[in-house]
Each structure stands twice: as C-alpha cells, then as structure tokens.
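Please open the model in your viewer and keep the sequence panel beside it, since each stop on this tour begins with a selection. The route goes from single strand pairs to helix contacts, and then out to whole chains.

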Amino acid sequence: MKTGKRYWRSLGELSDTPQFREWLHREFPENASEWTNHASRRTMLRLMAASFGLAGLAACRRPTEHIFPLAKGVEDYVPGNPLFYSTAFALGSAAFGLHVETHDGRPTKIEGNPNHPASLGAASAFAQASILSLYDPDRTRSVRQGRRRSSWEAFGEFAKDYFRDDGDGLRFLSGEVISPSLEAVQQHALQRFPRARWIEYEPVSQDQAIAGAELAFGRAVRSHYQLEKADVVLALDCDFLGLDAPSLAYTRAFASRRKVSAPKSEMNRLYAVECNYSLTGAAADHRLQMRASKMALFLAALAAELKLAPEMPARAQLSDAELRWLQAVAKDLAAHRGRSLILAGPRQPAVAHAWAHALNELLGNFGTTVRFTAAEGKRQVEQIRELADEMAAGRVKTLVILGGNPAYDAPADLDFSSRLTKVRTVIRLGLEEDETSALAHWLLPEAHYLESWGDVRAWDGAVTIQQPMVAPLFGGRTAAEVAAMISGYPYQRAYDIVRNRWGGAEAAWRKALHDGLIATEQVEEVKPKTRLDRILATPLPPSVDGIEIVFQPDASVWDGRFANNGWLQEAPDPITKLTWDNAALLAPSTARTLGVKSGDMLLIESAGRQIRIPAMILPGHAAGSITLPLGYGRTKCGRVGRGVGFNVYPLRTSNAMGFAAASSVRKIPGSHRFSLTQEHHSMEGRPIVLETTMEELRKDPRAVEKKTGRHELFSLYKEPTYDQGNQWGMAIDLSACTGCNACLLACQAENNIPIVGKAQVARGREMHWIRLDRYFEGSDEEPSIVFQPMACQQCENAPCENVCPVAATSHSPEGLNDMAYNRCIGTRYCANNCPYKVRRFNFLDWHKDLDALQKNQYNPDVTVRMRGVMEKCNYCVQRIQEAKIKAKAESRRALRDGEILTACQQTCPAEAIVFGNLNDPNSKVSKLKKQARNYQVLAELNVKPRTSYLAKVRNPNPELA
Amino acid sequence: MADLAIRPQDMQQELNPPLVTGGLSYRDITEKVSGICESKTPRSWYIAIGVTGSLTAVLGLMLAYLVANGIGVWGNNSPVGWAWDITNFVFWIGIGHAGTLISAILFLFRQRWRTSINRAAEAMTLFAVACAGIFPLFHVGRPWRAYWLFPVPNTDLNMWQNFRSPLLWDVFAVSTYATVSALFWYVGLLPDLATLRDRARSKLRQWVFGFLSLGWRGSARHWKHYEAAYLILAGLSTPLVLSVHTIVSFDFAVSVIPGWHTTIFPPYFVAGAIFSGFAMVITLMVIARQVLRLENLITLKHLDNMCKIILATGSIVGYSYAVEFFTAFFSGNPYERFTFLNRATGPYAWAVWTMFTCNVFAPQLFWFKKIRTSVPAMFAISIVVNIGMWFERFVIIVTSLHRDYLPASWGYFRPTVVDVLTFTGSIGLFLTLFLLFARFLPIIAVSEVKSVLHAQNAGH
C-alpha cells in the first residue's frame with residue numbers, strides 16, 4: 001500500500017533489497033518481528049488499543065487457569081518466598097511425582113514428591129536436570145513451515161484444511177503414551193481418522209519384558225518388585241538401582257535392607273550377573289561377569305539346578321567357576337522361598353524374562369516379592385518397523401511426530417530418516433531442533449512439562465496432574481493439544497483436555513493438584529501362571545561367537561534426549577566418571593586381545609554397519625563384550641550437545657535392540673581424549689571407604705573401629721567448644737549409597753553451581769560441591785566398587801580457615817565452615833590445605849556465556865559466585881537460615897529434627913544422607929553417629945570433620961567366600 | 001661502634017692472591033667504573049635491552065590477559081591450586097638472598113672480597129624481589145582486591161587480616177625485605193652517586209645525580225655517619241637473610257599436606273635460596289665482567305669464592321633432600337611415605353630427577369679447582385643450578401598437591417602457554433632492570449673497592 005511520496009533514510013532502504021529487509025526485520029529482538037501480517041490502518045488502531053489495554057497484563061507470565069501451591073507456610077504468594085507446586089516427570093514408560101520450587105514465577109528446583117509412590121520424596125538426576133531443559137536457549141522457538149517462520153494460527157488453518165479425509169496414510173508417532181488425557185485424545189483421533197494409526201516408540205523400552213511375560217503367562221503383565229521383602233535377590237543384567245527400572249522406589253526399598261544398625265539386623269543379599277558394571281553390580285554382595293548373550297542360558301541352567309527344568313545342554317557351556325556360583329545362588333534362593341527374587345533386565349530376550357518368571361513362581365515369590373498388573377501387549381519395535389515399511393512403500397502420506405527423535409534413535413535397519421523423506425507431509429512437535437526437526441515440513445514448538453498442563457501415570461497406576469509453573473516460554477503446546485487440533489477434539493487447550501479427562505468437583509481437583517496425586521487408578525492386579533512347556537519349547541538365543549556389543553541407555557543423556565543438558569553432560573558417569581562423552585566400554589582382557597588402551601579409536605562393525613568410537617577399559621566388565629552407551633554423537637542438537645560423544649545407534653537394529661554380535665572390532669589410527677572427574681581408582685590401601693561384612697560385624701560389633709586404627713588426638717591449644725545451640729553435622733551411610741548422582745544434581749540446582757565444559761573438566765576444574773568418589777578394590781579383572789559422597793566435611797579444626805590471609809572462610813558458632821565470597825580474594829591456599837580437596841575455585845568466569853534465559857533457573861537464596869572466588873558445600877546454609885527464621889517467626893526456640901533437609905539429603909533415594917543437630921541426642925544424625933559403624937575419614941589429622949560415614953557392609957555368601 | 005679498619009696483618013691471607021689486579025690505581029678504578037655509565041651507550045646494550053624489553057612487554061601482556069580472564073588461563077586446577085605462580089615467587093625470592101648475604105653477612109664477617117660484587121648482587125636482590133612480588137599479587141583470583149592483604153584501612157573489607165595465615169606473614173616478610181634491601185643498596189650507593197655527580201658533564205646528569213646523592217660531600221663527618229648507617233643496615237639485613245625464606249617456607253610447612261608439612265623446611269629453604277642466589281650472581285657477573293671488561297676488579301678469586309659457597313650450600317641442599325626422604329620413611333606415616341615415593345617414581349619423577357641432577361650432582365664439580373676457575377664451566381653450572389632450583393620449588397609445590405590424601409581427588413598439572421610466557425616475561429623484567437642498572441649506575445662499589453686497594457697496597 002503506497003500513498004504519497006516515498007522518502008528514504010538510507011541507500012539500503014532506497015534500493016530495498018531482500019537483504020536490507022531481512023536486516024530491518026532482524027534489527028529487533030527475536031519474536032518482536034514475528035507478527036508479519038499486513039495490517040490496515042483500522043486493524044492497526046484496533047491492535048494499538050488492545051495493546052494498551054493488555055500492556056499491564058503482559059508483564060505477568062502466569063497461566064490463567066488456577067494452580068494451587070503447597071501450603072508450605074505461605075497462604076498466598078509472598079514476594080521473595082518460594083512456592084512449591086506438585087507435578088510429575090515422565091521418562092519413557094515411567095513417571096515420577098515432583099515438587100517444584102518456584103521463585104517469583106520461575107521454576108528453580110525440582111524435588112521429589114514424598115506422597116508419590118514412585119518418588120517417595122526423591123528425584124533422579126534426570127528429573128532434576130530437566131529444569132535446565134526448560135530454560136534451554138536452543139529450544140524450538142516458533143512454529144515453522146519448512147524454513148519459513150509461521151504461527152500456530154497458520155498451522156491451525158492448515159490443519160483444518162488438510163485433515164479432512166478419513167486418515168488415509170495418516171500416522172501418528174509418539175513416545176510411550178502414559179498420559180490418560182493424551183490417551184483420550186488418541187482414541188478420539190483414531191475414531192476420527194479410522195484409517196490412521198498411532199505408533200508409540202521409545203528407544204529404551206520394556207518390549208522384551210512384555211514379550212517375556214507373554215511367553216511365560218500368555219498375556220502381557222508388568223512386574224512390580226517388593227524389594228523390601230526380599231532376602232535374596234538375583235539381578236540378571238538388570239540395573240534396578242540405576243537405569244533399567246524406575247529406580248527411586250526400588251532404591252529406597254533395597255537400601256532399607258542394607259542399613260545395619262545392630263549386629264542382629266537382618267540384611268538382604270544381592271547377587272548380580274552382569275556384563276557392564278552397573279550401580280546394581282556395585283551394590284551387589286556377589287557379582288558375576290557374564291556376556292549378555294549368555295545370561296538366558298544361565299537362567300535356564302539355574303532352572304535345571306532347581307529341578308524346575310530337565311537337564312539341558314546349557315550347563316555344559318558354563319565354566320566351573322560359573323557353575324559353582326550358580327549352585328551357591330540356587331541353594332541360597334531355595335533356602336529363602338517366598339523371600340527371594342529374580343530380576344531380568346530389559347536387554348535380555350523374552351525367554352530370559354520367561355525363565356525368571358518361572359523361577360520366581362517356583363520359589364514361591366509370586367504375591368510376596370513380585371506382583372503383576374495387567375499391561376498392554378504392544379511391542380514398540382514392531383510398531384516402528386511396520387511404520388518404516390509403510391513409509392518405504394509410500395503408503396504414509398502424513399506423519400505427525402509428537403516428541404521423540406526417531407530420525408536419530410530409530411533402529412538403524414529401518415533407515416528411518418531417508419524413508420522420512422518419502423512422506424509428503426511431516427508434522428513435528430519437538431522441544432528442540434534436532435535430527436527429526438530438520439526433516440519436518442511443519443515444525444511446532446513443544447511445551448516443556450513445567451510450562452504445560454498434562455497428566456502422567458506411574459507404573460503402579462498413580463496419576464499426577466502436571467501443572468504449568470510458567471506460561472510457555474516459546475509458545476509451545478503439548479502433544480495432546482496438537483493431536484486435539486488435528487483431530488478436532490472437543491477441547492483444544494491443554495487445561496481443558498486434562499480437566500475434562502478427570503472431571504470431578506473443583507475441591508477434589510484442587511486437592512489433587514495440591515497433593516500431586518489425582519487418583520490411583522485401579523490397575524488390574526493379575527495372578528498369572530507360568531506355562532513351563534512353552535518356555536521349554538523356546539530356544540535360547542544363539543551364543544555369540546567373537547565379541548558382542550551391548551546397547552544401554554546412558555546415565556547422563558539416557559537415549560539422547562538430554563544431550564543438550566549441560567548439567568547432565570557434566571555429571572560424571574557413576575562408574576566410569578566420564579563426562580561429556582561416551583565410550584566403548586570393555587574389559588582389560590578384551591582390550592589386551594584387541595591391543596587397545598583407553599582412548600584408542602575402535603572400528604566396530606555389525607550387520608554390515610560400522611561406527612568409530614574410542615575404547616575405554618573398565619575393570620569388571622565382562623570379557624568378550626563391549627558396552628555402547630546410547631545417546632551421543634548428536635549431529636543436530638543445541639550448542640551443548642552437538643558433536644559430543646559418538647553415535648552408536650547405527651549399529652542397533654530392530655531385531656537386536658539389547659545386544660548383537662559384532663562382526664569385527666579393530667583398532668584404527670587415532671585417539672580421543674576423555675574428560676574424567678576421577679583419574680585414580682585405587683584407594684592405595686588407605687582407610688578411606690571402610691567396608692566390612694555382616695559376618696565380621698556379628699563376630700565383633702567394633703570391627704569398623706579397628707580398621708581405622710586408634711589415634712591419640714590432642715591439641716596444643718585450647719580448642720573452642722561447640723556445645724551450645726545447634727551444632728550441625730551429617731552422617732552418610734555408605735551401605736545405603738548406590739552412587740546414583742542424584743545428590744550431585746540436587747546440589748547443582750540448589751547452589752547455582754555452574755558447568756565448565758569438557759576442556760575445563762579435563763583440566764580438573766569441575767565445580768561440583770559434592771562428588772561421588774568411586775574406588776575399585778581387588779583385581780583388575782574382578783574388582784568390586786565402593787562409592788563415597790564427598791563434600792565439605794565442615795571440620796571443627798578446619799585447616800582451610802587458618803591459612804586464609806583475609807579470613808574469608810571461618811567458623812560459625814553452629815559448627816559450619818562458612819565461606820564469605822565477598823571477602824575471598826582467591827589465593828587458593830584453603831583449597832591446597834584441604835585434605836579432602838572439596839573446595840572449588842572459579843578459575844574463569846563460568847557465567848560469561850550464559851544465556852539470559854538460563855539465569856532464570858538460579859536460586860535467588862544463593863549467591864552466584866564470580867570468578868576468582870573459592871566456593872564449597874556449606875550444608876545448604878540458606879536452608880538452615882530459612883528454617884531458623886521460620887522457627888523464630890513461630891516463636892519456637894528449637895528446630896525440629898528433620899525440619900532442615902540439605903538438598904543432597906532431600907533427594908537421596910536411599911536416604912543415605914542424614915543431616916541434623918549433633919547437640920540433640922535424639923536427632924537422627926546423633927543416633928547414627930553413635931553406631932559402631934560410624935567413622936570419620938582422615939580422623940587421624942585431628943581436623944574433626946562434622947561429616948562422618950557409616951562403613952559399608954556387604955553380606956557375602958560364606959559358600960562363595 | 002665496631003672498628004672496621006683493616007689491619008695489614010689481617011689482610012695478608014685474604015689479599016693473596018690480590019682482589020684487585022692489573023696494578024690499578026684509585027683513579028683507574030673510578031675511571032673504569034664510572035666510565036661504564038658515562039661512555040656512549042654501546043649498540044650491544046640496545047640490542048640486549050630490546051630483547052629483554054620485549055620480554056617484559058610479554059609479561060605485561062600476559063598479566064593483562066590474566067586479569068581480564070582469570071586464573072584459568074594458567075594450568076592451575078583442583079587439586080593443584082598453586083603451580084608455576086608460587087614456584088616463580090619462591091624462585092625469585094630465593095635469588096634475592098645472595099645479594100643480602102653478600103652485602104650484610106659477608107660485611108659483618110669482614111669478607112673483603114665482597115666489595116667487587118656486592119653492588120650488583122644487591123641490585124639483583126631488588127630486581128628479583130620485584131619479580132617475585134608480581135606473582136603473589138597476580139596469582140590471586142581477584143587481583144583488584146589484592147590490597148586486602150595489607151593492613152590498610154579500608155571500608156570494603158572492614159576487618160583485620162587473618163594473622164594466623166602464613167600468607168600474611170609472607171606479606172610482611174617480603175615487604176620488609178624489599179624495603180631494607182632498597183635502603184641498604186641506596187645508602188651504599190651514596191658516595192658513588194656523588195662521584196658521578198662530580199664527574200657529570202651535562203646539566204641533566206648533574207641535576208639527577210645531585211639530587212640522588214643527597215648532598216654527599218665526602219667529609220669525614222659524612223663518612224662517619226655513613227659507616228654507622230651502613231653497619232646498622234647490615235645488622236638489620238642479616239636476620240632477614242634467614243627470616244624471609246623461613247617465612248616463605250612456612251607457607252608450606254604450616255599446612256597439613258604431606259610433602260609440605262615438614263619442619264626441615266626453614267633451614268632447607270634458606271640454604272637453597274643462598275645456593276640459587278649465588279648461582280644467579282655468577283651468571284650475571286660472568287657476563288658483566290666479560291662485556292664491561294672488569295676482569296681486574298672481579299677476579300677469578302671472587303668467582304672461585306662464590307663457587308665454594310655454591311658447593312657448600314648445594315651440599316646442604318642435597319643433604320636436606322636425603323633427610324626429607326629418610327624422615328618420610330622413618331616417620332611411618334603412610335601418606336608422607338607415599339608422597340616421597342610418588343615424587344621419585346610418580347608422574348613427576350622427571351622433574352624430581354632433574355632437580356637432583358642440577359642441584360645435588362652438578363655443584364659437586366666445584367670440588368675441582370680447575371672447574372672453579374674456569375669461567376665457561378662455572379657459567380654453565382650456574383645456569384644448571386638456576387634451573388634445578390626452579391624445579392625444586394616446582395617439585396615441592398606441585399608433586400605434593402597433585403596427590404594428597406584422597407586418591408579420588410588426585411590430578412595432574414600441565415602448564416599453559418600463558419604460564420610459560422609469564423615466567424619468561426619475568427626473566428625479561430629482571431634482565432631489563434639489571435641492564436638499566438648496569439647502564440646508569442656504578443655496577444661496582446667504587447669507594448669500597450678503593451678501601452680494599454688501600455689495604456692491598458699497604459700490605460706490600
């Protein structure tokens with residue numbers, strides 16, 4: 001629309017080239033120029049008027065629907081006080097209830113919901129780090145059609161027009177649907193489009209467990225283990241304390257049987273058979289290394305040993321040592337009928353799961369240590385294989401991908417990304433711009449779970465409503481909303497979809513939001529019977545000649561979805577202590593055979609495909625086997641995860657999702673530098689992590705004390721006494737700690753701990769205030785592993801304090817070794833003089849490149865430290881102060897035991913960390929410190945640490961000694 | 001007041017062979033020494049200062065880069081919180097000790113041979129302390145707050161320093177040392193500055209040296225006060241020779257870290273300091289003697305004496321190493337034992353064996369008179385000793401820190417380019433200052449040498 005003379009301000013404007021227009025367009029901040037519709041004068045005025053009206057409201061990024069805070073002392077919002085909301089986090093098929101701390105409308109920290117059966121107050125490393133993904137500056141920021149910026153309205157118009165027929169060639173692809181409201185929309189969509197199909201695919205799934213149940217029982221069931229009731233547990237390639245199960249509740253149950261308070265306590269016994277070294281293997285009393293492909297055979301042999309099955313040739317393939325082990329386990333299991341448990345892991349084939357079921361039934365464990373609920377029998381790999389076949393045949397016209405990243409993580413043999421190009425219209429709802437987004441015709445920004453309404457069902461049927469704590473930062477929408485939009489569901493907004501799925505009175509709804517549980521859906525409990533004949537008729541998987549490769553989710557990035565999460569990338573792998581990388585893990589003997597050392601590049605070929613990946617020697621890994629952690633080597637990813645690690649998906653095919661045979665493994669030229677947070681793995685015979693056995697403890701309750709040796713400790717000076725008021729202390733039960741990293745992430749979120757990047761980790765500058773020291777013990781080939789959470793010990797005679805020239809670190813009357821960041825000039829003398837080396841120095845400005853968006857995560861109660869300043873754990877002093885202020889406001893003198901939880905303690909699924917007042921003889925921590933297992937690390941230095949440890953106890957089988 | 005007059009019979013032994021050769025007269029000495037700073041500046045000086053000045057500029061750039069970015073531009077890490085920074089600090093402080101020893105202790109012991117070298121050695125002390133001072137000030141994370149180390153009234157800290165910290169003791173020890181050394185050097189310069197003033201041809205020189213010589217006229221009264229002041233300053237400096245490095249060693253000895261926490265450190269550090277200081281004096285004087293043609297004033301006898309001191313202190317250092325190892329094993333402390341075993345066989349064994357070779361074995365060559373009087377040989381050995389003593393500090397600091405109590409926190413230190421350039425730059429600064437000194441001030445204490453000549457002549 002041109003009126004009157006044309007004036008110009010610059011030559012660029014006069015020439016009016018596309019580049020100039022683009023420059024003009026980009027002159028303003030992102031999103032400012034998003035609205036590109038041409039406006040007439042009238043609409044312009046209309047919009048101006050509306051803008052003025054809304055200007056005041058625009059400042060609040062609050063959802064308009066009502067959500068309800070936990071009544072944590074504040075009735076309504078008080079500026080400066082955090083509010084806590086209940087919500088839930090989903091990972092694959094599992095859901096975990098959460099409490100989310102928000103400050104001024106910004107979610108800042110994730111904690112477990114104590115009411116939720118799958119969390120019990122704990123939160124996993126993944127759940128805690130997921131808050132960082134909310135503020136990820138690399139998220140999908142707007143709707144795009146092809147490469148063009150578009151809008152939800154435009155997509156709505158398109159959808160109305162496009163989805164008219166009966167869904168011929170229409171396919172939906174999503175992750176596993178565990179949301180009841182999404183299920184409702186899903187059903188509606190499938191009714192609306194009768195010829196459409198909905199495919200659910202997770203790269204890490206429970207497919208084999210479902211198949212195993214179908215084989216054993218003739219129907220799909222989901223197993224629920226009652227570890228607190230099990231005296232003898234056999235875990236077969238099943239990291240139930242780590243990555244192979246919703247491990248928080250299992251860890252709690254398992255740990256409850258490991259904390260030995262008196263010599264008379266009954267402790268459980270864990271046998272682990274595994275290929276890679278897992279947290280479960282580290283916690284085990286006996287661990288047998290075995291190739292993944294041999295484990296089904298092991299179970300069959302165990303069945304034979306227990307006279308469940310006739311003798312099979314299986315036994316012959318086991319070595320003498322393995323047989324001896326098997327016999328001892330069989331005897332132990334048989335002696336604990338109804339109180340034993342056998343678990344098979346998700347990588348094991350169906351027949352292994354079936355044998356585990358059969359053995360559990362034989363041992364009378366059904367109904368005692370294992371329960372079953374009904375499950376759907378859909379096999380995800382088969383679903384995606386069919387989809388890929390249809391795509392290849394050109395039968396898929398429209399593919400709606402809701403979440404997930406199939407172009408990266410679909411089985412390699414399906415050739416998913418190239419087949420995706422044959423689909424006419426690919427609509428993709430995604431959180432970030434990844435490999436799949438790049439191939440989509442429509443790219444829709446997905447709402448993060450902390451900014452959207454939703455609901456998720458945990459394994460046992462507990463449903464939690466997900467509440468938005470902040471309005472979507474980039475205008476994202478949920479999968480349910482997009483499916484509703486496409487299918488014309490009666491409710492279009494996420495809130496309405498969820499609210500209408502659950503109905504009910506407003507009061508009940510509010511209570512559900514408050515509690516974090518809307519209902520425990522009655523999941524049908526089933527009492528299946530095993531059909532031995534069917535299992536016997538199923539052949540065991542063929543043995544793998546040569547080297548096998550095993551695929552497992554990664555402790556940091558899971559299946560790759562957390563690749564752009566800096567906290568997780570920098571969280572060291574619990575076993576290897578590797579950050580910002582993955583590696584082909586192999587046994588020392590395998591490395592010798594291949595002639596490689598850690599860091600050498602390997603070329604691994606399997607089924608005609610190959611990858612290059614550096615080798616890493618892991619003592620205790622099964623020989624002849626290579627573990628390949630999934631989720632790395634992302635090519636299209638945000639700035640954090642791009643190019644980090646090595647992609648192993650090209651070797652993972654749809655018929656070998658757990659493990660496969662490598663056709664060749666050889667060393668190729670080149671090497672790779674790993675960034676490890678711990679490079680020395682032996683305790684050098686020092687009494688650092690003390691370990692004892694149940695038997696030793698029964699014989700001599702003071703066995704632990706004898707291991708540290710007696711030290712005559714005295715001071716030349718009159719020492720200050722700490723006997724007044726609160727005297728803070730901590731006890732950490734090494735018997736319960738599984739080394740899972742949850743505390744490390746909790747500390748990172750609570751205390752605004754920066755990440756430093758791969759190169760700086762290699763230089764030894766990681767900032768974690770609590771680290772999990774991991775030591776190997778025993779031989780290189782058959783080591784055992786112990787963990788020790790190590791943070792500032794708050795020494796009473798702190799060596800750091802007297803060497804600081806400016807008195808920046810000094811003692812509080814409550815026994816805390818305080819850090820005054822403002823006073824610190826950064827001589828690093830304190831860190832040098834710290835025998836525990838728990839002090840962390842800001843060598844560079846770690847916050848320099850931080851996006852403004854990410855700063856929203858910061859906890860306003862904790863100072864963000866500048867460069868050149870020393871920092872360290874302070875027992876979450878901000879939480880202590882908060883509780884003290886609260887007590888004062890309530891005119892209480894004393895704080896209740898357990899009123900203050902440090903971040904690490906709060907999130908520990910094993911409840912291994914206990915913090916409290918040492919001056920109160922009845923506090924939990926005082927009682928723990930009185931136990932005979934209690935000891936102080938480096939007590940002989942007379943630094944008087946306030947943190948003490950309870951020695952690790954194992955319960956080995958005397959027959960295997 | 002002590003009688004400092006030299007009686008001829010005392011001198012017989014000391015002056016044989018003579019300390020001033022070539023039959024120089026009083027006038028010759030004045031001409032020779034003053035002539036150096038009055039003649040036209042030679043080209044070689046410009047070239048030399050061009051090189052060292054560039055290195056000093058590199059130091060400036062590196063420090064600016066450090067302040068702009070943080071300590072992370074160095075290789076320091078956790079657990080190795082101190083590395084090249086404090087190594088360089090102790091190295092430079094140690095270098096300074098020879099100057100003070102020569103000017104103060106040898107003065108009190110009436111070692112007349114000190115007169116030819118004391119001026120340059122004292123200057124070297126000052127320059128070394130200046131280089132040393134850079135490191136503790138810039139090694140802190142927030143150097144703009146480094147003034148908090150000094151007990152100056154300030155509203156932002158608003159409290160006293162922590163007087164229990166050895167780092168604070170360092171501040172006092174080093175600043176006292178720098179002040180006393182500067183005073184001592186300046187007082188010693190006064191008569192010679194006056195000579196330069198009197199000989200000055202240009203207005204500028206007259207004015208500058210006139211100002212600097214504080215009205216010195218060489219009257220008996222002046223000499224009397226001068227001698228008294230000099231003696232007092234020598235008395236003040238003498239304990240500093242021992243105390244400064246003792247306190248520097250407390251930085252380590254007071255800690256709880258195995259390899260640091262040892263009571264042998266004070267004497268061991270002092271001996272090491274004198275050892276390294278004399279090596280540096282030889283390095284510099286051999287060059288100065290050659291370039292400035294001072295063979296008649298800095299004779300082989302002077303050099304021979306210094307080699308003997310290097311031999312003695314080098315042996316003390318070697319003995320200390322042995323005692324350290326013995327104590328580690330004898331103590332029965334497993335951490336201590338490990339630290340020393342790790343030094344000798346661990347990842348830094350190369351540094352330790354470099355140290356042993358340079359500091360213990362190399363100076364033993366000075367048992368041979370041939371080597372003690374061979375200028376190239378002693379020059380080479382002095383360089384080797386300098387390298388060895390730098391490594392000694394590196395070994396003490398880095399090998400003790402990199403593996404201490406909890407093996408999980410063990411690490412490894414690798415220097416960065418910035419580390420290397422900062423240290424190289426500090427050498428540049430040191431040499432630049434020395435070149436300026438050699439150009440503009442009398443490098444030899446003219447008046448003192450004349451007193452030796454007097455004794456020497458009187459003896460014949």
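Begin by selecting Phe372(A) and Val526(A), which stand opposite each other, the latter in strand 20 of chain A. Here helices (H or I, at least four residues) and strands (E, at least two) are DSSP runs, numbered from the N terminus. Widen the selection to strand 13 (residues 370-374) of chain A, which is joined to strand 20 of chain A by two bridges, the two strands running antiparallel. Two strands are taken to pair if DSSP finds at least two bridges between them. Adding strand 8 of chain A completes an open sheet of three strands in the order 8-13-20, with antiparallel pairing. Strand 8 (221-225) and strand 20 (525-526) of chain A are the edge strands, and each of them pairs on one side only.

Before moving on, note that this is a predicted model, in which local features need pLDDT of at least 70, side-chain atom pairs count only at pLDDT 80 or more, and totals for chains, interfaces and linings use all residues. Residues are numbered from 1 along each chain as its sequence is written, while chains are lettered from A and ligands numbered from 1 in the order in which they are written.

**A parallel sheet in chain A**

Next select strands 9, 10, 11 and 12 of chain A, which form an open sheet in the order 11-10-9-12 with parallel pairing. Strand 11 (286-289) and strand 12 (340-344) of chain A stand at the edges with a single partner strand each, so one side of each has no neighbour in the sheet. From one strand to the next, the twist averages 10°; axes are lines fitted to C-alpha atoms, for helices over the stretch in contact, and angles run from 0 to 180 degrees between N-to-C directions. Strand 10 (residues 269-274) of chain A runs parallel to strand 11 of chain A and is joined to it by four bridges. To find one such pair, select Val273(A), whose bridge partner in strand 11 of chain A is Leu288(A). Now add helix 12 (residues 350-362) of chain A, which packs on the sheet, touching strand 9 (232-236) and strand 12 of chain A, and whose direction makes about 170° with that of strand 12 of chain A. Contact means that the C-beta atoms of two residues, placed from the backbone, lie within 7 Å.

**Two helix pairs**

How far apart are the axes of helix 4 and helix 24 of chain A? Helix 4 (residues 125-134) and helix 24 (residues 742-750) of chain A pack with their axes 8 Å apart, at an angle of about 25°. Helix 4 and helix 24 of chain A are therefore roughly parallel (angles under 35 degrees count as roughly parallel, over 145 as roughly antiparallel, 65 to 115 as roughly perpendicular and the rest as oblique). Where they meet, Ala125(A), Gln128(A), Ala129(A) and Ile131(A) of helix 4 face Ala742(A), Leu745(A), Ala746(A) and Ala749(A) of helix 24 of chain A. By class, this contact has seven nonpolar, one polar and no charged residues; Ala, Val, Leu, Ile, Met, Phe, Trp, Tyr, Cys and Pro count as nonpolar, Asp, Glu, Lys and Arg as charged, and the others, Gly among them, as polar.

For the second pair, select helix 6 (residues 180-192) and helix 17 (residues 494-502) of chain A, which pack at an angle of about 95° with their axes 9 Å apart. Helix 6 and helix 17 of chain A are therefore roughly perpendicular to each other. Pro180(A), Ser181(A), Ala184(A) and Val185(A) of helix 6 meet Ile497(A), Val498(A) and Arg501(A) of helix 17 of chain A, and the residues of this contact divide into five nonpolar, one polar and one charged.

**Two backbone details**

Select Cys876(A), which has a positive phi of about 50° although it is not a glycine, and which is found in the loop between strand 37 (870-871) and helix 28 (877-889) of chain A. Then go to chain B, where the peptide bond from Ser78(B) to Pro79(B) is cis, with omega near 15°. Pro79(B) lies in the loop between helix 3 (43-69) and helix 4 (84-108) of chain B.

**Whole chains**

Finally, colour by chain: chain A has 30 helices and 41 strands, whereas chain B has 16 helices and zero strands. Their contact takes 44 residues from chain A and 40 residues from chain B.
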